[in-house]
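Let's take a tour of this model, one spot at a time. Keep the sequence and the 3D view open while you read.

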Amino acid sequence: MTRRSTPALVLLHIRAQNRLFWRVPIGAFFTLALPVIMLVLFVALFGNEPEGSVVGTITPAQFYTPALAVFSVGSATYTNIAINLSTRREEGILRRVRGTPLPPWVYMAGAVGSAVWIGVIALVVMVGLGVIAYDVNLEVAKLPAMALTFVVGSMCFAMLGIALAGVAKSASSASALANATILPMAFISNIFINLGTNPPEWLQVLGDLLPLRHFGLAFAEAMSPFSETPAILWDRLGVLLLWTAVGALLARWRFRWDPVPGANGRTTRRGRRTTA
Amino acid sequence: MATAIEVRGLVKTYGESRAVDGISFSVEEGEVFAILGPNGAGKSTTVEILEGHRDPTDGEVSVLGIDPSRGGRSFRDRIGIVLQSAGIDRELSVREVLDFYGAAYSSRRPTDELIELVELGEKADDRVGTLSGGQQRRVDLALGLVGDPELIFLDEPTTGFDPGARRRSWDLITNLRSLGRTIVLTTHYLDEAEHLADRVAVLSEGRIVAEGSPASLRSSFGSGTTISFDLPAVDGSLSDLLDPLTGEVRGRDRRIEILTSSPTSDLAHITTWAVAHDLELGSLQVASTDLEDVYLQLVGGDT
Ligand SMILES: Nc1ncnc2c1ncn2[C@@H]1O[C@H](COP(=O)(O)OP(=O)(O)OP(=O)(O)O)[C@@H](O)[C@H]1O
Ligand SMILES: [Mg+2]
C-alpha cells in the first residue's frame, strides 16, 4: 500500500471526524436538535403574526429561522471545534497525530471540514423546517447569497473555535469559555431575542463589534422577502473576514498540540458541555 | 554498521530542574537499545526528544541523520512511536483507528496483519473505549508499527500487560529486531531489558550511571560483592579508609556500601583500618550482589 494523495487524506480525516461526531450523541443533540427545538418553541410562544424588527415587518418564524440557523452553524463550528480540539489535546490524541507523517494542517482541515459539513446539515434542517412548517421566505435568486454568507460565517467561527482551543488550557475550560462567549453574544446579536429597531446603544455597539450579529444579519438578508437580489451584505461579510483573520492570528500564536502540563486531565464525556 | 542515533551532551531543563543532565550515547542500526531507570529518571524526556516531540535545551541529537526537532513529514514517515501515554479516539474501532492513522504513511502494514500481530482479532471492530487498559496498549503498539518503520521508539511498551501478553510482545520485539529494525525502548523491568536489549543504559536523575550489554553489566557488577557496615562517629577525614578501596563506595547517612570485585583485599583493608582506630563496625555484612541489587544501588534504591 502506498500513501494516499493529500486531498484523499483530507477527505479521509473529514470522514473520521464526522464519525466521531455522530458517535457522541450528546454533541449531535446540542448542535442539531436543540436549535430546532428552540425554533418550534419560539414560534409556539410568540405566534406567527408579523411584527417590526431590524429587518422590517416580518413573522417571528421569518426572524428566528435564519437567526437560529446561524446559531446552530456557530455551535457546529465554534463550540464543537473548540471542545473537540481541546479534548483531543488533553487526551494526547493530538500529540499522537503530531508523531505521524500526517501534515498537521490536514488534521485541522479534517476538523474544520467536518464541522462545516455538520453546519450545512444544521442549516438545511433549520431552513427546511422554517420554509415547510412556517412559510418562511426562500428565493432561488438569493441562494448564492445564503451559500456565500454560510461559507464566510462558518469559516470565521471555525477559525475562532481553533483560536479558543488554543487559548483554553483544558477541555473543560474550553467548553465553559465556548458557552460563556457564544450564549451572551447570541442574546445581544438578534439571535434569541428580536431587539427591535431601537436597542440600547451600548448593546448595539457591542453587538456590532462581535461577529455573530453580522453573520445573523447577512443571513437574514439573504432570506428576507424585502431584500433586493443578490442580497449580499458585503460590509457584514467584511467584518466576518476580519474576525477570521483575528482568529487565525490567535490560533497561530496560541495553539499547541501537546497537552498543557497540570491542566485538568479528566473530563467526563457527558460533562463536556453543560449547555449549547 | 551505520549509526541510527547519535546523542552528545543532551540536556533538558524544566525551570530549575534538569530532567536530562548531559547524556551521550549512540545506537547502531539493527540494534535494540534499552533505557532502564526509575520513575522520573528522564527516560521519556530523552526518548521524546529523539522522536521530535520535545526540543532539547542543549546538546546534539541526530536520528537517522536528521535533527528530530526539525524532522518534518519524511522523518516521521520512517519512525514509529509508542508514547508512554497518548490517547486514542475512543469512539473509533480498532480497525478504523489503524486505517485512519496508517493512511499518512508511504508504506504501511496491512490492518489485518497488525490486528493479528497484537492479538486483537476478536476486538477488531469494537470501539477502542471499550477495550481494557492492556488491550488499548496493544492498539498503541499496533499504531507504532502501522507505518512499517525502520526505527521504533517504545516508551514502556509492556506496562499494563499480563505476563502472557508481555512474553508475546517480547517475541514481537525480537521478531522486529530480526527484520533489521532498530528499536529504542524504555522499561522499569530489568528482566525485560536483559531479555530484549543488545545494549542497556541505566538512567538515574538525568544521567547515565551505567551502560553496556546486559552480559557486561552482569559481569562487571553482577558477580561482585557488597560490603556494608555502619560507620561509627570518627574524627577527621575518612580518606585513609575510603581512598585505597578498589570497589565503588556509596554512603547513606552512616551506612557505607562498597561494591567490589575484590572483596578479600577491600575487606582486609577495612577491618585493618577499623582495628587500627579501635572502632567496631556495626552490622558488618558481606554479600554477593545480583543484577537487581546493582540496579537498585545505581539508581538510588527507590524504584
Ligand atoms: N513537561 C514537563 N514540565 C516540567 N517537568 C517535566 C515535564 N516533563 C517531565 N518533567 C520532569 O522531568 C523529570 C523526568 O521525567 P520523565 O517523564 O522523563 O521520567 P521517566 O524516566 O520517563 O519516568 P517514568 O518511569 O515515571 O515514566 C521528572 O522529574 C518530571 O517531573
Ligand atoms: Mg516515562
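Which helix of chain B gives the most to the shell around ligand 1? That would be helix 1, which supplies three residues. Keep in mind throughout that this is a predicted model.

## Around ligand 1

To find ligand 1, look between chains A and B. Its surroundings consist of 15 residues, and B:Gly40, B:Lys43, B:Ser44, B:Thr45 and B:His188 are the closest of them. Sorted by class, the shell holds seven polar, five nonpolar and three charged residues.

Now zoom in on a few oxygen atoms of the ligand. The side chain of B:Lys43 has an N or O atom 2.6 Å from an oxygen atom of ligand 1. For B:Asn39, the distance from a side-chain N or O atom to an oxygen atom of the ligand is 2.8 Å. With B:Gly42 the backbone does the job: one of its polar backbone atoms is 2.9 Å from an oxygen atom of ligand 1. How much of the ligand does the protein cover? On its own, ligand 1 has 630 Å² of accessible area, and the protein covers 66% of that.

## The magnesium ion

Next up is ligand 2, a magnesium ion. Two protein atoms coordinate the ion, OG of B:Ser44 and OE1 of B:Gln84, at 1.9 to 2.0 Å. B:Ser44 sits in helix 1 (residues 43–51) of chain B, while B:Gln84 is in the loop between strand 5 (79–82) and helix 3 (94–102), so this pair ties together parts of the chain that are 40 residues apart in sequence. You've met B:Ser44 already, as it is also among the closest residues to ligand 1.

Are these two residues buried or exposed? B:Ser44 has a relative accessible area of 15%, so it counts as buried, because the cut-off for that is under 20%. B:Gln84 comes out at 37%, so it counts as partly exposed.

## Chain A at a glance

Time to step back and look at chain A as a whole. How many helices and strands does chain A have? There are ten helices and two strands. If you walk along the chain from the N terminus, you pass two helices, then the two strands, and after that nothing but helices. The radius of gyration of chain A is 19 Å, close to the 19 Å that the globule rule gives for 276 residues, so the chain is as compact as a globular protein of that length.

If you drew a box around the C-alpha atoms of chain A along the principal axes, it would be roughly 55 × 40 × 35 Å. Of the 276 residues in the chain, 54% count as buried.

## Two polar contacts to look up

One contact stays within chain A. A:Asn137 is in the loop between helix 5 (104–134) and helix 6 (143–167). Its relative accessibility is 17%, so A:Asn137 counts as buried. The side chain of A:Asn137 makes a polar contact of 2.7 Å with the side chain of A:Glu139.

The other contact joins a residue of chain B to one of chain A: the side chains of B:Asp140 and A:Arg96 make a polar contact of 2.3 Å. You'll find B:Asp140 in helix 5 (residues 133–145) of chain B. With a relative accessibility of 7%, B:Asp140 counts as buried. Helix 5 of chain B also holds B:Arg138, which is buried at 14% relative accessibility. The C-alpha atoms of B:Arg138 and B:Ile115 are 9.1 Å apart in space, and the two residues are 23 apart in sequence.

## Backbone details

Where is the cis peptide bond in chain A? Check the link between A:Thr229 and A:Pro230, where omega is about 10°. A:Pro230 belongs to the loop between helix 9 (211–223) and helix 10 (234–254).

Chain B has some backbone details of its own. B:Asp148 isn't a glycine, yet its phi is positive, at about 50°. This residue is in the loop between helix 5 and strand 6 (151–155) of chain B, and it is partly exposed at 31% relative accessibility. B:Ser283 is not a glycine either, and has a positive phi of about 45°. B:Ser283 is part of strand 13 (residues 282–288) of chain B, and its 48% relative accessibility makes it partly exposed.

Notes: Residues are numbered from 1 along each chain as its sequence is written. Chains are lettered from A and ligands numbered from 1 in the order in which they are written. This is a predicted model: local features need pLDDT of at least 70, side-chain atom pairs count only at pLDDT 80 or more; totals for chains, interfaces and linings use all residues. Side-chain values use heavy atoms; hydrogens and water are left out. Donors are N, O and S atoms within 2.8 Å of the metal (3.2 Å for Na, K and Ca); water is not among the atoms, so sites may look incomplete. Helices (H or I, at least four residues) and strands (E, at least two) are DSSP runs, numbered from the N terminus. Buried means under 20% relative accessible area, exposed over 50%, partly exposed in between (1.4 Å probe, protein chains only). A residue is near a molecule or strand if one of its heavy atoms lies within 4 Å of it. A polar contact is a pair of N or O atoms within 3.5 Å; within protein, one must be able to donate a hydrogen and the other to accept it, and residues adjacent in sequence count only if both atoms are side-chain atoms. Accessible areas come from the Shrake-Rupley method with a 1.4 Å probe; for residues, only the protein chains shown count as cover. Ala, Val, Leu, Ile, Met, Phe, Trp, Tyr, Cys and Pro count as nonpolar, Asp, Glu, Lys and Arg as charged, and the others, Gly among them, as polar. The radius of gyration is taken over C-alpha atoms; the globule rule is 2.2 Å times the number of residues to the power 0.38.
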